[in-house]
Amino acid sequence: MQGPKRENEADYTVVRLMHRSLRDDLHRLAELIGGLADTVDASAVPPVSTAVADAGETSWGTSEPGRRSEGPGGRSYRLPGRRPDPALMSRRRAEAVRDYVTLVCDEMDRHHYCAAQFLWPLIAESAGAAIDMRPYRENRELLTPILAGLRAAADQFTVDPESGAALLAALLRAVRDRVDQHIDHLDHDVLPLIARYVSVEDFAVAERQMCRTISFDRVPLVLPWAARLATREERHRLLREAGIGRRLLRVLSARAYVRLERRVFGPIAR
């Protein structure tokens, strides 16, 4: 548990909430899609030969799994094809997963943009060579192509959730592990140095600038997403920094994120 904030200590609430939300969601998504991939893999059957497949439709066709069909020479074959279980992941829920993955990817991109635009110049001016940002930049460069692949895999997942689950799960795990490393580096190494070298006033200005990069059309998703793991005090701080217009919009459309989250993670989400 964090101790009480000193009077002359910068408030890192918004940064820490972003980190907490990213971590939590990447772990939840990796577990959800990884579980689907494992279920599909466990129920997989050997491919049907062309000769047998020609005798009757399988999977999404008209033949029921296990139906006997007549193949070449009049021999009877039991078709091993299975009809995919629609309860595994409906098209509507798969599209919600894509939208949620996109939300997380967009917030990672915004987070890095804000750091490069507002935070790192401030740190460089205040701390000089005291903070080595090379590990951060290298990790970001490695993450960029993985995020592009993750977005593409999420799009493909909506076309066929069963066949797309394995790739999406693998990419979610890769991003999860890199983000864990990145956040550990920031929380354990960078933030203490910011506290040492950057003034409270300068950091507060940078944090307000970062919060205001949330466009109005994204507020109904981003603010509830970032606030869902917050304490009452942290939520108050987040909304205060977002500005009155964004707070009002968030209140008027607060259900948008709740509906999306339930559709993705809810026990009976469809």
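1. Start with the Arg-23 and Asp-180 pair: in this predicted model, their side chains form a salt bridge with an N to O distance of 2.9 Å. The two residues sit 157 apart in the chain, Arg-23 on helix α1 and Asp-180 on helix α5, so this bridge ties together distant parts of the chain. The two ends also differ in how covered they are. Arg-23 has a relative accessible area of 25% and is partly exposed, while Asp-180, at 16%, counts as buried because the cut-off for that label is under 20%.

2. A second long-range pair is worth a look. Asp-106 and Arg-218 meet through their side chains in a salt bridge, 3.4 Å from N to O. Asp-106 belongs to helix α3 and Arg-218 to the loop between α6 (200–211) and α7, with 112 residues separating them. Here both partners are partly exposed: Asp-106 has a relative accessible area of 24%, and Arg-218 comes in at 22%. This pair doesn't stand alone, either. Through shared partners, salt bridges join Asp-106, Glu-107, Asp-109, Arg-110, Arg-151 and Arg-218 into one network.

3. For a local pair, try Arg-98 and Asp-99. They make a salt bridge in which the closest N and O atoms are 3.2 Å apart. Arg-98 is partly exposed at 23% relative accessibility, and Asp-99 is partly exposed at 37%. Across the model, the salt-bridge count comes to 17.

4. Now the interior. The largest nonpolar core has 50 residues, and those touching the most other members are Met-108, Leu-150, Phe-157, Leu-168, Leu-172 and Val-175. Helices α1 (13–42), α3 (91–127), α4 (134–159), α5 (161–197), α7, α8 (232–242) and α10 (255–265) each give two or more residues to this core. The largest share is from α1, with 11 residues. Apart from this core there is another one, of 18 residues, including Val-15, Met-133, Leu-191 and Ala-206.

5. Leu-168 is a handy residue to click on if you want to see the packing. Leaving out residues up to four places away in sequence, Leu-168 touches Ile-33, Val-97, Leu-150, Ala-153, Ala-154 and Phe-157. Two of the names there, Leu-150 and Phe-157, also appear with Leu-168 among the core members that touch the most others.

6. Helix α7 (residues 219–227) is mostly covered, with eight of its nine residues buried. The buried ones are Val-219, Pro-220, Val-222, Leu-223, Pro-224, Trp-225, Ala-226 and Ala-227.

7. How many disulfides turn up? A search of the whole structure finds zero. For the cysteines, Cys-105 is buried with a relative accessible area of 0%, and Cys-114 is buried at 3%.

8. Last, the empty space. There are two cavities of 30 Å³ or more, and the largest holds about 250 Å³. Its lining runs to 21 residues, of which Val-15, Met-18, His-111, Cys-114 and Met-210 are closest to the centre. Helices α1, α3, α5, α6 and α7 each supply two or more residues to that lining. The biggest contribution is from α3, with six residues. Two of the residues closest to the centre have come up already: Val-15 belongs to the 18-residue core, and Cys-114 is the cysteine at 3% relative accessibility.

Methods:
Residues are numbered from 1 along each chain as its sequence is written. This is a predicted model: local features need pLDDT of at least 70, side-chain atom pairs count only at pLDDT 80 or more; totals for chains, interfaces and linings use all residues. Side-chain values use heavy atoms; hydrogens and water are left out. Buried means under 20% relative accessible area, exposed over 50%, partly exposed in between (1.4 Å probe, protein chains only). Helices (H or I, at least four residues) and strands (E, at least two) are DSSP runs, numbered from the N terminus. A nonpolar core is a set of buried Ala, Val, Leu, Ile, Met, Phe, Trp, Tyr and Cys residues joined through side-chain atoms within 4.5 Å. Contact means heavy atoms within 4.5 Å. A salt bridge is a side-chain nitrogen of Lys or Arg within 4 Å of a carboxyl oxygen of Asp or Glu. A disulfide is a pair of cysteine sulfur atoms within 2.5 Å. On a 1 Å grid over the protein atoms alone, a cavity is a set of points where a 1.4 Å probe fits but cannot get out, and a pocket is an open set with protein on both sides within 12 Å along at least five of seven lines; lining residues have an atom within 4 Å of a point. Grid points are joined across faces, edges and corners, and a volume is the space filled by probe spheres set on the points.
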